[in-house]
Amino acid sequence: MSTAAAPIRHGVVLADLLPATRARDIALVAGGAVLTGIAAQIAVPVPGSPVPVSGQTFAALLVGTALGARRGFLSLALYAVAGAAGMPWFAQATSGYAMPSFGYILGMLLAATVVGALARRGADRSVLRMAGTMALGSLIIYAVGVPYLALATGMSLPQAVAAGLTPFLIGDALKAALAMGVLPTAWKALGRKG
Ligand SMILES: O=C(O)CCCC[C@@H]1SC[C@@H]2NC(=O)N[C@@H]21
């Protein structure tokens, strides 16, 4: 796979290539939330940690990059608010906000917004750029999720890192590698057509 950026219009994200209507934006925002909820069900408990391995990070960062900052924020906000209000689409079909992993959801909301803003500047056009985008997005998720985990459980910060960051690094790297393939490939395919 080439690491060269696809030659296509600047200042647009993938979703902008669809015909611009309000219905498009509503469907994209709702669809991004549903996709994140489905990815959250691909979850594996981690022994000794209240935080599971889950597919959410992949979905949330993909939604942000593909939809852009505004729709990415709205999509993850819909996901967070509906889940907090009782929709059982957090990891392992849970809901609510009184759980130690809720900080990761808030981190995903922030991360989707940031990677969406970067994608509009071309950060999703090549494998190398996507690697940086995914790394930054993951960093944001942990920067919110790990301190929240420490506060919610009474763990020390090192304990929270051991329970809420270390066990996930390999899985998150694999998810990032997948996303690094998906977005630049989509741009390349669309660039060839254009
Ligand atoms: O309870 C939830 O729905 C949130 C789960 C958060 C899982 C976090 S996100 C970052 C890290 N990577 C994973 O695969 N799991 C954790």
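How do the residues of the shell around the ligand divide into nonpolar, polar and charged? In this predicted model, the shell holds 11 nonpolar, 4 polar and 2 charged residues.

**View 1. Residues around the ligand.** The ligand has 17 residues around it. Those that come nearest are P52, S54, A91, S101 and K175. Nonpolar residues number 11 in this shell, against 4 polar and 2 charged ones.

**View 2. Polar contacts of the ligand.** P52 places a backbone N or O atom 2.8 Å from a ligand nitrogen atom. A91 also uses its backbone: an N or O atom there lies 2.8 Å from an oxygen atom of the ligand. Q56 contributes through its side chain, where an N or O atom is 3.0 Å from a ligand oxygen atom. On its own, the ligand has 410 Å² of accessible area, and the protein covers 98% of that.

**View 3. The pocket and its elements.** The largest pocket holds the ligand. Two or more shell residues come from each of β2 (53-54), α2 (56-67), α4 (102-119) and α7 (169-193). The largest share, 3 residues, belongs to α4.

**View 4. Annotated transmembrane regions.** An unreviewed UniProt entry annotates residues 73-91, 97-119, 131-150 and 162-183 as "transmembrane region". In the model, residues 73-91 are 63% helix and 0% strand. The end C-alpha atoms of that span are 19 Å apart. Residues 162-183 are 82% helix and 0% strand. Here the end C-alpha atoms lie 31 Å apart.

Technical notes:
Residues numbered from 1 in each chain as written. Predicted model: local features only at pLDDT ≥ 70, side-chain atom pairs only at ≥ 80, totals over all residues. Heavy atoms only, no water. Near = heavy atom within 4 Å. Polar contact = N/O pair within 3.5 Å; in protein donor to acceptor, adjacent residues only side chain to side chain. Areas by Shrake-Rupley, 256 points an atom, 1.4 Å probe, with all protein chains shown as cover. 1 Å grid on protein atoms, 1.4 Å probe; cavity = no way out; pocket = protein on both sides within 12 Å on 5 of 7 lines; lining within 4 Å. Sits in = over half its atoms within 2 Å of the grid points. Helix = DSSP H or I, 4+ residues; strand = E, 2+ residues; numbered from the N terminus. Nonpolar A, V, L, I, M, F, W, Y, C, P; charged D, E, K, R; others polar. UniProt positions renumbered as here; feature names shortened; annotations may be inferred.
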